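Please read this briefing alongside the sequence and the model. It is grouped by topic.

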Amino acid sequence: SVTDVPLPADPPIDCFYVYPTVSEQLGVNADKTKAPELTAIARYQAARYSQECRVFAPVYRQLTLASIYTGSVAARAAGRKIAYADVREAFLEYLAKDNGGRGIVLIGHSQGTGMLRQLMRQEVDPRPDVRRRLVSAILLGGNVLVRKGQRVGGDFAQLPACSAPTQHGCVIAWSTFSDAPPDNARFGKAPATDTTGAGLPAGPDYEVLCTNPASLGANDRAPLSTLIRTEPYPGVIGVGLTTTYGGPPPTAPTPWLQPAERYTGRCESVNGANVLLLQPVGDARHLNVFPTPDWGVHLTDANIALGQLVDTVHTQAAAYLADTARAAVPRRRAPRLKLSLTYPHGRAGVTACTRGAVGVALVGPDRPLVRRVDFRPAGHRLVRDTRAPFRARIDRARLRPGRLAQISVLARLRDGRTARLSRTLQVCR
């Protein structure tokens, strides 16, 4: 069947997408040419979010595919600084010129997630004004770290893992494997040391975060909603997708399709790696690793549960917008009013008491704003006063000797506020 998904003319939130390693240029860093593989990956991974947000996808001088195996550690570290500087510059320019206080979803995969981990650590997590705008961060295939046994405290001090679709200001992260991760798995294991030069955490106190997109809270094994583009993907990544699927990926006459072959997913700790472990449903084909077993099925990270991700962003955005609207309504302070009592003093042992009638007056800085006062003296029917100075007299006959008398007042102000006040005094015998 064909579904025509509507696109809003003015989505209420924004998405800021940083793409993974796709550049086929030679050398360590790509230039800013908008090559076909950049357009293809943005369509493949990010375009579907357009039904929920305005998508911003800056071009950056990323580390190339060639640099993964040919670049030295020092060259890659230097190249990473160049790539990150571009992403940071684009994000700060977006905040200054395009955001306008709107909610933001950060989306990254692989190298894009690495860029966003550093960006969030430096420009989002420690800045309350920016952090408040974060609807969520979808950080896939990039080893987001948390404190071992916790949902926060690794890469980010303030931003926790998402545990419900209605939660916002949180992080969704995973790496997919179709088999048990090998000993040398690139994903799911916290590095012993930080080799990025970005000051990211590392070592045995941390573990890689995995959030199950189909069951954020309970992490039940559940079917995943896969969405993929139908046009052929160019270049090396296209070859990788063919290898992963064991043949050409499915196609259709529409821009998107949901494959008939389905998979379930669950976050599991296998061979020391926290990963989203896939299982085929029925006779769905087994997904193959690419390029080598240590990568798992890395190419599927962003699309294996894209349907759930888009639905979650929709729910998170609704919760974020509702909470933001409530927070924008200023809290009105309580009226500054109190009751003043005047009466002839007596003594009942050590307790002061009244020997006669009691005068009650409304006083305080906000008395000029009062429109009406209802006095309820000593439990009797209301005495209403609509003119300043808002006073009442309680005759001695209404007071029961030897008992406590409570005088209650309801004051209504012209701006809609109300104040309920009461005083209690002892009546002399």
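The points below cover the disulfides, a strand pair, one helix and one buried arginine. The model is predicted. It holds four disulfides, and their bonded cysteines, counted along the chain, pair in the pattern 1-2, 3-4, 5-6, 7-8.

**Strands β1 and β2, and the disulfide between them**

- Strand β1 (residues 13-18) runs parallel to strand β2 (residues 53-56), and four bridges join the two.
- Between these strands the chain passes through helix α1 (residues 36-45), giving a right-handed β-α-β crossover.
- Cys 15 has Val 55 of β2 opposite it.
- Cys 15 is also bonded to Cys 53, with 2.0 Å between the sulfur atoms.
- Because Cys 15 lies in strand β1 and Cys 53 in strand β2, this disulfide ties together parts that are 38 residues apart in sequence.
- The torsion about the S-S bond of Cys 15 and Cys 53 is about -100 degrees, so this disulfide is left-handed.
- Cys 15 is buried at a relative accessible area of 1%, and Cys 53 is buried at 2%.

**Other disulfides**

- Cys 162 and Cys 170 form a disulfide with their sulfur atoms 2.0 Å apart.
- Its S-S torsion is about 95 degrees, so the disulfide of Cys 162 and Cys 170 is right-handed.
- Cys 162 is buried, with a relative accessibility of 0%, and Cys 170 is buried with a relative accessible area of 0%.
- In the disulfide of Cys 353 and Cys 428, the sulfur atoms are 1.8 Å apart.
- This pair links distant parts of the chain, 75 residues apart: Cys 353 is in strand β16 (residues 351-354), and Cys 428 is in the segment after β22 (418-427).
- The torsion about the S-S bond of Cys 353 and Cys 428 is about 95 degrees, so this disulfide is right-handed.
- Cys 353 and Cys 428 are both buried.

**Helix α6**

- In helix α6 (residues 235-245), the buried residues are Ile 237, Gly 238, Gly 240, Leu 241, Thr 244 and Tyr 245.
- These residues lie on the same side of α6, because they cover an arc of only 160 degrees around the axis.
- The buried residues of α6 pack against α1 and β10 (228-229).
- Gly 246, just after α6, has a positive phi of about 70 degrees.

**Arg 372**

- Arg 372 belongs to strand β18 (residues 370-377).
- Its relative accessible area is 19%, and the cut-off for buried is under 20%, so Arg 372 counts as buried.
- Leaving aside residues up to four places away in sequence, Arg 372 touches Arg 384, Asp 385, Thr 386, Phe 390, Leu 410, Ala 411 and Arg 412.

Technical notes:
Residues numbered from 1 in each chain as written. Predicted model: local features only at pLDDT ≥ 70, side-chain atom pairs only at ≥ 80, totals over all residues. Heavy atoms only, no water. Buried < 20%, exposed > 50% of the residue type's maximum accessible area, 1.4 Å probe, protein only. Contact = heavy atoms within 4.5 Å. Pairing = 2+ DSSP bridges. Right-handed = clockwise from strand over helix to strand, strands pointing away. Arc of directions from axis to C-beta. Disulfide = S-S within 2.5 Å.
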